[in-house]
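Q: I have a model open and want to learn how to read its strands and helices. Where do we begin?

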Amino acid sequence: MNDILKAREKAKLDFGKVEKCAIFVHYSINDSNRIEEKKNRLIKYCEDVLQTHNYEVFIEIGSFLEEREVFNNMLKKFESGEFSHLVVTDVGQIYKLSYDMQKAIDLTDQIQDLNVTTICVDEERHIKAKNKLRDVER
């Protein structure tokens, strides 16, 4: 079995039903070549592995310490239930761990609480959305 078929099979088993993906690309400086490369890689992942063309790309340029208008707009769309998955190259795209580990954890938890599964492509791992029923089960 070739690598793409193996990846597709893994996606079916691990990532759940993919309805719509948010592709998030963060880069601290405006380097259009690197941004485009990263964006295209994540689009290819959505199409080849997750087998979806239903995605929206969010590109954020600048420091994590500045106002994050693009990221915050994406979170609002998560709150509305528009997305089932967030696709990033690594978890550091959400918030730089070396800046503030707790903030990175809090943002990741917030995304999970909104029932969005985060897929970290370069790290070959994902952070599953939390089960909505967990708070009512006793």
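A: Begin with one strand in this predicted model. Strand S4 spans residues 117–120, and both of its faces are covered.

Q: Which residues of strand S4 lie on one side, and which on the other?
A: The general idea: side chains in a regular strand alternate between the two faces of the sheet. In S4, Thr117 and Ile119 sit on one side. Thr118 and Cys120 sit on the other. All four are buried.

Q: How many bridges join S3 to S4?
A: Four bridges link S4 to strand S3, residues 85–88. The two strands run parallel. For a reference point, take leucine 86: threonine 118 of S4 stands opposite.

Q: Now the helices. How do I describe a packed pair?
A: Use the angle between the two axes and the distance between them. Here, take helix H3 (residues 69–79) and helix H4 (residues 101–113). Their axes come within 9 Å and cross at roughly 30°. Angles under 35 degrees count as roughly parallel, so H3 is roughly parallel to H4.

Q: Which residues meet in the contact of H3 with H4?
A: H3 brings Phe71, Leu75, Phe78 and Glu79. H4 brings Leu107, Gln110 and Ile111. By class, that contact has five nonpolar residues, one polar and one charged.

Q: What is the order of elements in the whole chain?
A: From the N terminus, read α-β-α-β-α-β-α-β-β. That is four helices and five strands.

Q: What share of the chain is buried?
A: Buried residues make up 40% of the 138. For contacts with a separation of 6 or more, 69% join residues 24 or more positions apart.

Definitions and conventions. Residues numbered from 1 in each chain as written. Predicted model: local features only at pLDDT ≥ 70, side-chain atom pairs only at ≥ 80, totals over all residues. Heavy atoms only, no water. Buried < 20%, exposed > 50% of the residue type's maximum accessible area, 1.4 Å probe, protein only. Contact = heavy atoms within 4.5 Å. Pairing = 2+ DSSP bridges. Axes fitted to C-alpha atoms, helices over the stretch in contact; angles between N-to-C directions. Parallel < 35°, antiparallel > 145°, perpendicular 65-115°, else oblique. Nonpolar A, V, L, I, M, F, W, Y, C, P; charged D, E, K, R; others polar.
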